[in-house]
Amino acid sequence: MKLQVRNVTWKSRKVKEIYLDSFPKKERMPFWTMLLLSKMDSTKFWEFSDGETVCGFAYVAAVQNIVFIMFLAVDPACRSRGYGSAALAEIARRFPQSKILVSIEQCAEGAENLEQRKRRKRFYLENGYEETGFMTELSNVKQEILIQNGEFDPDEFAAFFKAYSNGTMNPRIWKAEETE
């Protein structure tokens, strides 16, 4: 495997297909908005491919020493072949001095896709991410926060959102054991 990384463009139809198939509508941003925001220095929208095969993508926000993986997906035809791990390694390589965060749906008993959620969490943990013990709510979905390369600071993460969104995003961040 030789993973190539390219910026996503308007012509990246396969990335759009993977995105639409991988995330529920209520959790997605419009694809054109993602393309537009990726013109900002603080947003990276990368396509990962192996030869001519588009394997997946990452949509990443970076402000100072915080990197937040907003969307990461691998084409189902490429899963379980190391592409997701290679994508995470590439993100870490490009941001070696940064804390890298991701939020995932919590593995709550009774969730309709509990096994999928557990696999997703195991994937990140196996790739060097750690539980923070904190939750957030994005797109009306309660999510667990995982981190790589540092200690989690909820105030720092809140400041990241404010800086990245020019003050328009202020998601609640709380300890997992606290009453929601």
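Helices (H or I, at least four residues) and strands (E, at least two) are taken here as DSSP runs, numbered from the N terminus. With that in hand, Q148 can be placed in strand 7. The structure is a predicted model, in which local features need pLDDT of at least 70 and side-chain atom pairs count only at pLDDT 80 or more, while totals for chains, interfaces and linings use all residues. Residues are numbered from 1 along each chain as its sequence is written, and side-chain values use heavy atoms, with hydrogens and water left out.

Let us stay with Q148 for a moment. Is Q148 buried or exposed? Its relative accessible area is 16%, so Q148 counts as buried; the word buried means under 20% relative accessible area, exposed means over 50%, and partly exposed is what lies in between (1.4 Å probe, protein chains only). The side chain of Q148 has a polar atom 3.0 Å from the backbone oxygen of N127. A polar contact of this kind is a pair of N or O atoms within 3.5 Å; within protein, one must be able to donate a hydrogen and the other to accept it, and residues adjacent in sequence count only if both atoms are side-chain atoms. Apart from neighbours within four places in sequence, Q148 is in contact (heavy atoms within 4.5 Å) with A92, S98, K99, I100, N127, G128 and Y129.

Next, the interior. A nonpolar core is a set of buried Ala, Val, Leu, Ile, Met, Phe, Trp, Tyr and Cys residues joined through side-chain atoms within 4.5 Å. The largest one here has 30 residues, and F45, F57, L101, F152, F157 and F160 touch the most other members. Among the elements that give two or more residues to this core are helix 1 (13–22), helix 2 (31–37), strand 3 (53–63), strand 4 (66–74) and helix 5 (154–164). A second, separate core has 18 residues, including V60, A62, I104 and L146. Back in the largest core, F45 touches R6, N7, V8, V15, F31, M34, L35, S38, F57, A58 and Y59, leaving out residues up to four places away in sequence.

Helix 1 shows how a helix can turn one side inward. Its buried residues are V15, I18 and Y19. They cover an arc of only 100° around the axis, which puts them on the same side of helix 1; the arc is that of the directions from the helix axis to the C-beta atoms. An α-helix has 3.6 residues a turn, so residues three or four places apart point the same way. The face turned away from the buried side of helix 1 carries the exposed residues R13 and D21. The cover over the buried residues of helix 1 includes helix 2, strand 2 (43–50), strand 3 and strand 4. Beyond helix 1, K25 sits in the loop that leads to helix 2, and K25 counts as exposed at 68% relative accessibility.

Helix 5 has a buried side too. F157, A158, F160, F161 and Y164 are its buried residues. Viewed down the axis of helix 5, they fall within an arc of 150°, so they line one face of the helix. At the N-terminal end, D153 caps helix 5, with a side-chain oxygen 2.9 Å from the backbone nitrogen of D155.

Aromatic rings are another thread to follow. Rings of Phe, Tyr and Trp (its six-membered ring) pair if their centres lie within 6.5 Å; planes under 30 degrees apart count as stacked, over 60 as edge-to-face and the rest as tilted. By this rule there are 22 aromatic pairs. In one of them, the rings of F68 and F161 have centres 5.5 Å apart and planes at 70°, so the pair is edge-to-face. F68 lies in strand 4 and F161 in helix 5, so this pair ties together parts that are 93 residues apart in sequence. Both F68 and F161 are buried. Elsewhere, ring pairs link Y19, F23, F31, F45, F57, Y59 and F71 into a cluster.

Two asparagines round off the tour. Most residues other than glycine have a negative phi. Yet N140 has a positive phi of about 60°, and N140 lies in the loop between strand 6 and strand 7. N166 also has a positive phi, of about 55°, and is found in the loop between helix 5 and strand 8 (173–175). N140 is exposed at 70% relative accessibility, and N166 is exposed at 72%.
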